[in-house]
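Visitor: Could you walk me through this one and show me how each label is earned?

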Amino acid sequence: MSSHKMPCEIVVFDLLPTARGAIAKELVDKYGYTQSAVAKIFGITSAAISQYLKGLRGGNPYIDNSRYRDQFYEHIALISKNLSEGGDISVELCSLCSFFKKSGMIDEVYANQGSLTPLSKCMECPRNNIKGVQSLQ
(Lines give C-alpha, C1' and ligand atoms only; values in the text may rest on other atoms or scores of the structure.)
Protein backbone atom coordinates (compact mmCIF):
# COMPACT_ATOMS: atom_id res chain seq x y z
CA MET A 1 0.00 0.00 0.00
CA SER A 2 1.42 3.33 -1.03
CA SER A 3 1.45 6.20 1.47
CA HIS A 4 0.54 9.72 0.49
CA LYS A 5 1.43 11.43 3.73
CA MET A 6 2.72 14.97 3.91
CA PRO A 7 6.15 15.43 5.52
CA CYS A 8 4.58 17.13 8.54
CA GLU A 9 2.27 14.14 9.06
CA ILE A 10 5.26 11.81 9.22
CA VAL A 11 6.90 14.06 11.79
CA VAL A 12 3.77 14.44 13.92
CA PHE A 13 2.56 10.83 13.84
CA ASP A 14 5.71 8.78 13.35
CA LEU A 15 8.73 10.71 14.63
CA LEU A 16 7.67 13.28 17.22
CA PRO A 17 6.10 10.82 19.71
CA THR A 18 9.33 8.83 19.83
CA ALA A 19 11.33 12.03 20.24
CA ARG A 20 9.09 13.22 23.08
CA GLY A 21 9.45 9.90 24.84
CA ALA A 22 13.23 9.88 24.46
CA ILE A 23 13.54 13.49 25.66
CA ALA A 24 11.26 12.79 28.63
CA LYS A 25 13.32 9.75 29.60
CA GLU A 26 16.57 11.69 29.28
CA LEU A 27 15.25 14.59 31.38
CA VAL A 28 14.03 12.24 34.13
CA ASP A 29 16.95 9.80 34.13
CA LYS A 30 19.90 12.07 33.42
CA TYR A 31 18.78 15.45 34.72
CA GLY A 32 16.55 14.38 37.63
CA TYR A 33 13.38 16.04 36.42
CA THR A 34 10.04 14.90 37.82
CA GLN A 35 7.29 13.72 35.50
CA SER A 36 5.34 16.85 36.42
CA ALA A 37 8.24 19.11 35.46
CA VAL A 38 8.64 17.36 32.10
CA ALA A 39 4.88 17.56 31.52
CA LYS A 40 5.01 21.30 32.11
CA ILE A 41 7.84 21.69 29.57
CA PHE A 42 5.87 19.75 26.92
CA GLY A 43 2.51 21.26 27.83
CA ILE A 44 0.93 17.84 28.37
CA THR A 45 -0.23 15.86 31.39
CA SER A 46 1.93 13.92 33.83
CA ALA A 47 -0.05 10.84 32.85
CA ALA A 48 1.11 11.29 29.24
CA ILE A 49 4.72 11.57 30.42
CA SER A 50 4.23 8.40 32.48
CA GLN A 51 3.06 6.61 29.34
CA TYR A 52 6.14 7.82 27.44
CA LEU A 53 8.42 6.62 30.24
CA LYS A 54 6.73 3.20 30.37
CA GLY A 55 6.96 2.83 26.59
CA LEU A 56 3.19 2.92 26.10
CA ARG A 57 3.53 6.01 23.88
CA GLY A 58 6.27 6.78 21.41
CA GLY A 59 8.65 4.12 20.26
CA ASN A 60 8.89 3.53 16.57
CA PRO A 61 10.54 0.61 14.76
CA TYR A 62 11.34 2.90 11.83
CA ILE A 63 13.58 4.99 14.07
CA ASP A 64 15.14 2.05 15.88
CA ASN A 65 15.98 0.41 12.54
CA SER A 66 17.06 3.61 10.82
CA ARG A 67 20.59 4.23 9.66
CA TYR A 68 20.09 7.66 11.32
CA ARG A 69 19.26 6.15 14.72
CA ASP A 70 22.51 7.16 16.41
CA GLN A 71 22.30 10.71 15.04
CA PHE A 72 18.69 10.89 16.22
CA TYR A 73 19.62 9.95 19.79
CA GLU A 74 22.62 12.32 19.74
CA HIS A 75 20.18 15.08 18.81
CA ILE A 76 17.84 13.98 21.61
CA ALA A 77 20.74 14.22 24.10
CA LEU A 78 21.56 17.75 22.91
CA ILE A 79 17.91 18.84 23.09
CA SER A 80 17.61 17.42 26.61
CA LYS A 81 20.74 19.27 27.68
CA ASN A 82 19.45 22.50 26.17
CA LEU A 83 16.08 22.08 27.90
CA SER A 84 17.78 21.38 31.22
CA GLU A 85 19.57 24.71 30.77
CA GLY A 86 16.31 26.59 30.17
CA GLY A 87 15.95 26.12 26.41
CA ASP A 88 12.61 26.57 24.69
CA ILE A 89 10.78 23.37 23.72
CA SER A 90 9.40 24.90 20.50
CA VAL A 91 12.83 25.91 19.27
CA GLU A 92 14.28 22.52 20.20
CA LEU A 93 11.55 20.54 18.46
CA CYS A 94 11.89 22.74 15.38
CA SER A 95 15.60 21.88 15.32
CA LEU A 96 14.63 18.22 15.45
CA CYS A 97 12.26 18.64 12.52
CA SER A 98 15.10 20.27 10.57
CA PHE A 99 17.29 17.29 11.43
CA PHE A 100 14.62 14.89 10.13
CA LYS A 101 14.53 16.72 6.80
CA LYS A 102 18.24 17.45 6.35
CA SER A 103 19.50 14.02 7.39
CA GLY A 104 17.12 12.13 5.13
CA MET A 105 15.44 10.34 8.03
CA ILE A 106 12.00 11.57 7.02
CA ASP A 107 12.51 10.20 3.48
CA GLU A 108 13.72 6.88 4.88
CA VAL A 109 10.67 6.50 7.16
CA TYR A 110 8.37 7.37 4.26
CA ALA A 111 9.97 4.73 2.05
CA ASN A 112 9.92 2.13 4.85
CA GLN A 113 6.18 2.65 5.21
CA GLY A 114 5.76 1.28 1.72
CA SER A 115 5.61 4.42 -0.35
CA LEU A 116 6.43 3.98 -4.00
CA THR A 117 6.11 7.69 -4.79
CA PRO A 118 8.53 10.47 -3.87
CA LEU A 119 7.87 12.37 -0.67
CA SER A 120 6.40 15.82 -1.16
CA LYS A 121 8.85 18.58 -0.43
CA CYS A 122 8.13 20.72 2.58
CA MET A 123 7.03 24.26 2.06
CA GLU A 124 8.74 26.95 4.08
CA CYS A 125 8.42 26.07 7.74
CA PRO A 126 5.68 28.13 9.43
CA ARG A 127 7.95 28.76 12.41
CA ASN A 128 9.68 31.40 10.28
CA ASN A 129 6.48 33.43 10.56
CA ILE A 130 6.05 32.98 14.31
CA LYS A 131 7.23 36.01 16.27
CA GLY A 132 9.98 35.12 18.74
CA VAL A 133 10.97 31.81 17.15
CA GLN A 134 14.22 32.04 15.25
CA SER A 135 14.78 30.07 12.08
CA LEU A 136 17.04 27.08 12.53
CA GLN A 137 17.40 26.12 8.88
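Here is a chat about the labels used for this predicted model and the values behind them.

Visitor: Let's start broad: how many helices and strands does the protein have?
Guide: There are seven helices and zero strands. Read from the N terminus, the order is α-α-α-α-α-α-α. As for burial, 39% of the 137 residues count as buried.

Visitor: How many aromatic pairs are there?
Guide: The structure holds three. Take Phe72 and Phe100: their ring centres are 6.1 Å apart, and the cut-off for a pair is 6.5 Å, so these two rings pair.

Visitor: And what makes that pair stacked?
Guide: The angle between the planes. For Phe72 and Phe100 it is 20°, and planes under 30 degrees apart count as stacked, so stacked is the word for this pair.

Visitor: Which parts does the pair tie together?
Guide: Phe72 sits in helix H5, residues 69–84, while Phe100 belongs to helix H6, residues 89–103. The pair therefore links parts that are 28 residues apart in sequence.

Visitor: Why is the pair of Phe99 and Phe100 called tilted?
Guide: Their ring centres lie 6.0 Å apart, with the planes at 50°. Stacked needs under 30 degrees and edge-to-face needs over 60, so at 50° the Phe99 and Phe100 pair comes out as tilted.

Visitor: Are these rings buried or exposed, and how do you know?
Guide: Buried means under 20% relative accessible area. Phe72 has 0%, Phe100 has 1% and Phe99 has 12%, so each of these three counts as buried. Phe72, Phe99 and Phe100 also belong to one aromatic cluster together with Tyr73.

Visitor: What makes you say that a charge sits over the ring of Tyr52?
Guide: The charged end of Arg57 is 5.7 Å from the centre of that ring. The distance limit is 6 Å, and the charge must also be within 35 degrees of the ring normal. Arg57 is listed as sitting over the Tyr52 ring, so the pair passes on both counts.

Visitor: Where is Ser103, and why is Ser103 called buried?
Guide: Ser103 is in helix H6. Its relative accessible area is 18%, and the limit is under 20%, so Ser103 is buried.

Visitor: What does the side chain of Ser103 reach?
Guide: The backbone oxygen of Phe99, at 2.8 Å. A polar atom of the Ser103 side chain also lies 3.1 Å from the backbone nitrogen of Met105. The distance limit for a polar contact is 3.5 Å, so both distances fit.

Visitor: Now the second largest pocket. How much space lies in there?
Guide: About 160 Å³. It is lined by 13 residues, and the closest to its centre are Thr18, Gly21, Ala22, Gly59 and Tyr73.

Visitor: Which helix gives the largest share of that lining?
Guide: H1, with four residues. Helix H1 (7–29) and helix H3 (46–54) each supply at least two. By class, the lining has four nonpolar, six polar and three charged residues.

Visitor: And why is Gly21 called buried?
Guide: Gly21, found in helix H1, has a relative accessible area of 10%. The limit is under 20%, so Gly21 is buried. Its C-alpha atom is separated by 9.4 Å from that of Ser50, 29 residues apart along the chain.

Terms used
Residues numbered from 1 in each chain as written. Predicted model: local features only at pLDDT ≥ 70, side-chain atom pairs only at ≥ 80, totals over all residues. Heavy atoms only, no water. 1 Å grid on protein atoms, 1.4 Å probe; cavity = no way out; pocket = protein on both sides within 12 Å on 5 of 7 lines; lining within 4 Å. Points joined across faces, edges and corners; volume = space filled by probe spheres on them. Nonpolar A, V, L, I, M, F, W, Y, C, P; charged D, E, K, R; others polar. Buried < 20%, exposed > 50% of the residue type's maximum accessible area, 1.4 Å probe, protein only. Polar contact = N/O pair within 3.5 Å; in protein donor to acceptor, adjacent residues only side chain to side chain.
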